[in-house]
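Have a look at the model below and keep it open while you read. We'll go through it piece by piece.

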Amino acid sequence: MNRQRRIGPPILTVEDICLSFGGVKALDRVSFEVREHEILAIIGPNGAGKSSMLNVINGVYHPQEGSVTFMGKKRHRMRPHEAAAQGIARTFQNIALFKGMSVLDNIMTGRNLKMKTSFLEQALYWGRARAEEIEHRRKVEEIIDFLEIEHIRKTPVGRLPYGLQKRVELARALAAEPQLLLLDEPMAGMNVEEKQDMCRFVLDVNDEFGTTIVLIEHDMGVVMDISDRVVVLDYGRKIAEGTPEEVRAHPAVIEAYLGVAH
Ligand SMILES: Nc1ncnc2c1ncn2[C@@H]1O[C@H](COP(=O)(O)OP(=O)(O)O)[C@@H](O)[C@H]1O
Ligand SMILES: [Mg+2]
């Protein structure tokens, strides 16, 4: 595969992450790396700790143990907005958009962190703020074009079918121009055609913007098609890691998926 050759050194390293909620160990000594430009899939049964892992990476959850190193910077505690400022964006398992707002306005919210000019500066230096606004619009229009959603740019998000809402959420995440994009079940609940579209967009984002992607996905067909490597979680533990082919043939993975007694 051509894509494999572009993969660079690790940009994200999670090491020995332990995260508990009361008595529940959501993550138990989980370590792995994400390499520059790759598409890494995290798979595993429900409750395995997949969403929790994304929440640790983007600073929503603070693990009791372990460390996260992103772009050479090791950190133990970080807030979500700091993760975003460092170049990590995400979409959610349940769509988190402003349903009453238009597609365009929702995507603009993804630019918030990029907006440097304060309100005072906007009042004092109208020209600079105006130039910045034009640049934001240009970037947002580029993403709208890229994801082929021109025709719905003025439509309130709540009126769109589910598959398109997922695409708008991807657009908003891309508006932040992230180095690392975290996608929590981007294809859940989609029909076959919507899944094919989303697969194509994920691959295009990876190819054209060079964005590194970590995605949680249940559909093994999708995982086999688009991911470079796979990490498998089960009951908060990493039970396997490797290429899609390696992971699919791994006894522990087969066992976890077939529900053989643990
Ligand atoms: N905020 C939370 N409070 C309490 N328990 C949680 C919380 N988030 C996740 N968990 C628990 O952690 C475990 C892993 O959940 P999650 O990461 O959502 O799994 P997955 O995404 O693989 O289905 C589950 O037992 C879940 O109930
Ligand atoms: Mg989940």
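How many bridges join strand 1 to strand 2, and do these strands run parallel or antiparallel? There are 8 bridges between strand 1 (residues 10–21) and strand 2, and the two run antiparallel. Before going on, some housekeeping: this is a predicted model, where local features need pLDDT of at least 70, side-chain atom pairs count only at pLDDT 80 or more, and totals for chains, interfaces and linings use all residues. Residues are numbered from 1 along each chain as its sequence is written, while chains are lettered from A and ligands numbered from 1 in the order in which they are written. Helices (H or I, at least four residues) and strands (E, at least two) are DSSP runs, numbered from the N terminus, and two strands pair if DSSP finds at least two bridges between them.

Back to that hairpin. Leucine 12 sits opposite valine 34 of strand 2, and serine 20 faces lysine 25, also in strand 2. The hairpin has 2 residues between its strands, and glycine 22 takes a positive phi there, near 55°. Strand 1 also has 5 bridges to strand 4 (residues 65–70), again antiparallel, with glutamate 15 across from serine 67. Put together, 4 strands make an open, antiparallel sheet in the order 2-1-4-5. Its edges are strand 2 (24–35) and strand 5 (73–75), each of which pairs on one side only. From one strand to the next, the twist averages 20° (axes are lines fitted to C-alpha atoms, for helices over the stretch in contact, and angles run from 0 to 180 degrees between N-to-C directions).

Now follow the chain out of strand 2. Histidine 37 is in the loop between strand 2 and strand 3, and its phi is near 75°, a positive value in a residue other than glycine. A residue counts as buried if 20 or more other C-beta atoms lie within 10 Å of its own, exposed if 12 or fewer, and partly exposed in between, with C-beta atoms placed from the backbone. Histidine 37 counts as partly exposed because it has 19 C-beta neighbours inside 10 Å.

Strand 3 (residues 39–43) brings us to strand 8, since the two run parallel and are joined by 4 bridges. Here leucine 40 stands opposite valine 214. Strand 7 (residues 180–184) also runs parallel to strand 8, with 5 bridges between them, and leucine 182 has valine 214 as its bridge partner too. Between strand 7 and strand 8 comes helix 8 (residues 192–209), and the three make a right-handed β-α-β unit (right-handed if, with the strands pointing away from the viewer, the path from the first strand over the helix to the second runs clockwise). Is strand 8 (residues 212–216) mostly covered or mostly open? It is mostly covered, with 5 of its 5 residues buried. That goes for both faces: Thr212, Val214 and Ile216 on one side, Ile213 and Leu215 on the other.

Ligand 1 is next. The residues around it are Phe21, Val24, Ala26, Gly44, Asn46, Gly47, Ala48, Gly49, Lys50, Ser51 and Ser52 (a residue is near a molecule or strand if its C-beta atom, placed from the backbone, lies within 6 Å of it). Strand 2 and helix 2 (50–57) are the elements giving two or more residues to this shell, and helix 2 gives the most, with 3. By type, the shell splits into 4 nonpolar, 6 polar and 1 charged; Ala, Val, Leu, Ile, Met, Phe, Trp, Tyr, Cys and Pro count as nonpolar, Asp, Glu, Lys and Arg as charged, and the others, Gly among them, as polar.

Last stop: the stretch from helix 6 to helix 7. Glutamate 148 lies in the loop between helix 6 (126–146) and helix 7, and has a positive phi near 55°. With 12 C-beta neighbours inside 10 Å, glutamate 148 counts as exposed. Lysine 154 is found in the loop between helix 6 and helix 7, and its 9 C-beta neighbours inside 10 Å make it exposed. Leaving aside neighbours within four places in sequence, lysine 154 is in contact with Ser102 and Leu104 (contact means C-beta atoms, placed from the backbone, within 7 Å). Glycine 163, in helix 7 (residues 162–175), touches Met190 and Glu194, not counting residues up to four places away in sequence.

Notes. Two residues are in contact if their C-beta atoms, placed from the backbone, lie within 7 Å.
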